[in-house]
Structure formats: C-alpha cells, structure tokens
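Work through the exercises below with the model open. Try each task before reading its solution.

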Amino acid sequence: MNYNLTKEDINNLKNKKLFLFDMDGTIYNDDKLFFGVKELMENIKKSGGRYVFLTNNSSKSVQVYIDKLTKMGIEVTEDNFFTSTQATILYLRKNCYYQNELIYALGTDAFKEELKKQNLNITDKLVDDIKILLVGYDTELNYQKLIDASNILTKDVLYIATNPDLVCPTSFGFVPDCGSICYMLYNASKKEPIYIGKPKPEMIKTVLQKFNLHEDDAILIGDRLYTDIASGLNANVDTVCVLTGEATLDDLKVTEFKPKYILDNVNCLNEIFK
Ligand SMILES: [Mg+2]
C-alpha cells in the first residue's frame, strides 16, 4: 500500500507556514539526500513559508549542517536550524546555570566548540569542581570518557543529556546514539539524565516563538515516533511520519504516538504545492 496525501489532507496543509523537518532518516541518510527534498524546500520558500531543521543530533555544529545541506543544493542559513545542542544551552541558562558552573562535556569536538562559543565553562578533563555532567551524541567516544563520566556520577552533580535517541540511522542500518551512551552509564551508576531535545516540546515552541507563529501554522515531519512525532504531539502541532527512517508500519499500529499523517516519503508533500 502507498501512503500519500488525499485531497482533503492537501487542503488542510495548504495553510501551513512553518515546516519543521527532522533530518536523519527524514530528508537524508548519511550523504544521500532523498528524492524530492530539494524541490520541496523550493516549493515551501516560493509559497512564502519557512523550513527549519530540528535535529536531536548533537555530534555536529550548525555550521556543519549548513555546509552539508548547501552542498546538497538546499538554501540554508543559521535560521534554518535548531539543534539539541542549542536547546540544551537554552535549557541550562534558563533552569540551572547560574554561576558559570564547570561542566564536563562528553561529546565531539564540534559539540564542545559550540558550548564554548556560547561561553559555557567546559572541561573534558576529570577535575575536582565539576558541577554538571553533559552528555551528547559522541561519535568520537572512547573508553576514558566513559570512565570519567562514571567517576563524576559517583558525586552529586547535575546530569543532563542532549537527546534520548537510542540509535541514529545510517546508510547501512543504525549506530548507537546519545541514549545508548547514557544507558551504558546507567548500568554503571544507576543514574539517569534529564534529556533535552525531542520529544520535549521546547525545540518546537522556541522556533514558533522566534518567528512569531502559532501552533496551527506548523507541521512537524519526522521518521521516529518516540522523539519526532512525540515532540509534535507535546507541542500541539500537526505531525507527519515518513517511512524512510526508523518507524515501520508495524510500529505505527502499536504506538501511543500517533501521527496525523503517514507518508511514504517527504516527496509526497510536494503535492501540497501543485
Ligand atoms: Mg530521524
């Protein structure tokens, strides 16, 4: 069976002004852009709408995404992105980062750079006065970092992770993501982090606020039920689940996170603009 938009769906979606896309498994896998994505972005822009990429992937900086999508032929600036790293920085500043506390950052060099650029007090060395352990999706993970993090978790520190994803899709299948790193740390420490990023609604709400738009103006498009679709439901915006990434039709039958629309791929959304 093919999952496409009906005439009624198309009428409902014509008024959307903000298209919030997940990236991995939704618009591409690794370096392979899915069919119709470029056309879709052009269509959204031509119609006066906006597209913003919301990603839980904290292993890369916004600049890396700008370069990647530009190379793929999609027009983007910083305004077209909101990452779980940016959401985590906002969360820290709003909720628990008052006195420039020392943060042990377990993540990639790009992740640590982004935190430093925002003037957070970061270390990746095991020192005495660490107050916060912050874990990201670390594609440069090594065992020493796990030892350090486990050591830090024996103390009374604030424990935060950028995103709860257990796996990240690749061209050949999946690799362990931030949630899986935290699961290793859980087995050693019995401690669980506060997860930022999707499925929390904050990433979506922040973007709506930034562009002065209402929930009804937006649609969230993603491939994963427990993060993407759940974040849309939590933020009260309409959702599309595409079948090009993690979620399968079997998952959709049993999930508590029911998307408003199910589509074979993002190319189906081009129908809105015909
Ligand atoms: Mg995804």
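## Exercise 1: A proline and two asides on phi

Proline 199 sits in the loop that links strand E12 (194–195) to H8. Helices (H or I, at least four residues) and strands (E, at least two) are DSSP runs, numbered from the N terminus. Residues are numbered from 1 along each chain as its sequence is written. The model is predicted: local features need pLDDT of at least 70, side-chain atom pairs count only at pLDDT 80 or more, and totals for chains, interfaces and linings use all residues.

**Task.** Find which peptide bond before proline 199 is cis. Then describe asparagine 119 and lysine 190: phi, place and exposure.

**Solution.**

1. The cis bond joins lysine 198 and proline 199, with omega about 15°.
2. Asparagine 119 has a positive phi, near 65°. Asparagine 119 belongs to the loop between helix H5 (109–117) and strand E7 (122–123).
3. Asparagine 119 counts as exposed because it has 10 C-beta neighbours inside 10 Å. The cut-offs are these: buried means 20 or more other C-beta atoms within 10 Å of the residue's own, exposed means 12 or fewer, and partly exposed lies in between, with C-beta atoms placed from the backbone.
4. Lysine 190 also has a positive phi, near 60°. Lysine 190 is in the loop between helix H7 (178–189) and E12. With 8 other C-beta atoms within 10 Å, lysine 190 is exposed.
5. Why note these features? Most residues other than glycine have a negative phi, and most peptide bonds are trans.

## Exercise 2: Around isoleucine 130

**Task.** Place isoleucine 130 in its strand and list its contacts beyond four places in sequence. Then find which strands pair with E8.

**Solution.**

1. Isoleucine 130 lies in strand E8 (residues 130–135). Isoleucine 130 is partly exposed, with 19 other C-beta atoms within 10 Å.
2. Skip neighbours within four places in sequence. Isoleucine 130 then contacts Leu102, Tyr104, Thr123, Ile152 and Val157. Contact means that the C-beta atoms of two residues, placed from the backbone, lie within 7 Å.
3. Take tyrosine 104. It is 26 residues from isoleucine 130 along the chain, and their C-alpha atoms are 6.4 Å apart.
4. Strand E6 (residues 102–106) pairs with E8 in the parallel sense, over 5 bridges. Pairing requires that DSSP finds at least two bridges between the strands. Leucine 102 has isoleucine 130 as its bridge partner in E8.
5. Strand E9 (residues 158–161) is parallel to E8, with 4 bridges. Here valine 135 has alanine 161 as its bridge partner in E9.
6. E8, helix H6 (residues 143–152) and E9 form a right-handed β-α-β unit. Right-handed means that, with the strands pointing away from the viewer, the path from the first strand over the helix to the second runs clockwise.

## Exercise 3: An open sheet

**Task.** Give the strand order of the open sheet of 6 strands. Which strands stand at its edges?

**Solution.**

1. The order is E5-E4-E1-E13-E14-E15, with parallel pairing.
2. Strand E5 (81–83) and strand E15 (261–263) are at the edges; each has a single partner strand, so one side of each lacks a neighbour in the sheet.
3. Neighbouring strands of this sheet are turned by 20° against each other on average, direction ignored.
4. E5 is joined to strand E4 (residues 50–55) by 3 bridges, and the two run parallel. Threonine 55 is opposite threonine 83 in E5.
5. Helix H4 (residues 84–95) packs on the sheet and touches E4 and E5; its direction makes about 65° with that of E5. Axes are lines fitted to C-alpha atoms, for helices over the stretch in contact, and angles run from 0 to 180 degrees between N-to-C directions.

## Exercise 4: Helix H9

**Task.** Is helix H9 (residues 225–235) largely enclosed or largely open? Name what its buried residues pack against.

**Solution.**

1. Of the 11 residues of H9, 9 are buried, so the helix is largely enclosed by the rest of the structure. Among them are Leu225, Asp228, Ile229 and Leu233.
2. These buried residues pack against helix H8 (202–210), strand E13 (218–222), strand E14 (238–242) and helix H10 (249–254).
3. Asparagine 236 follows H9, and its phi is positive, near 65°.
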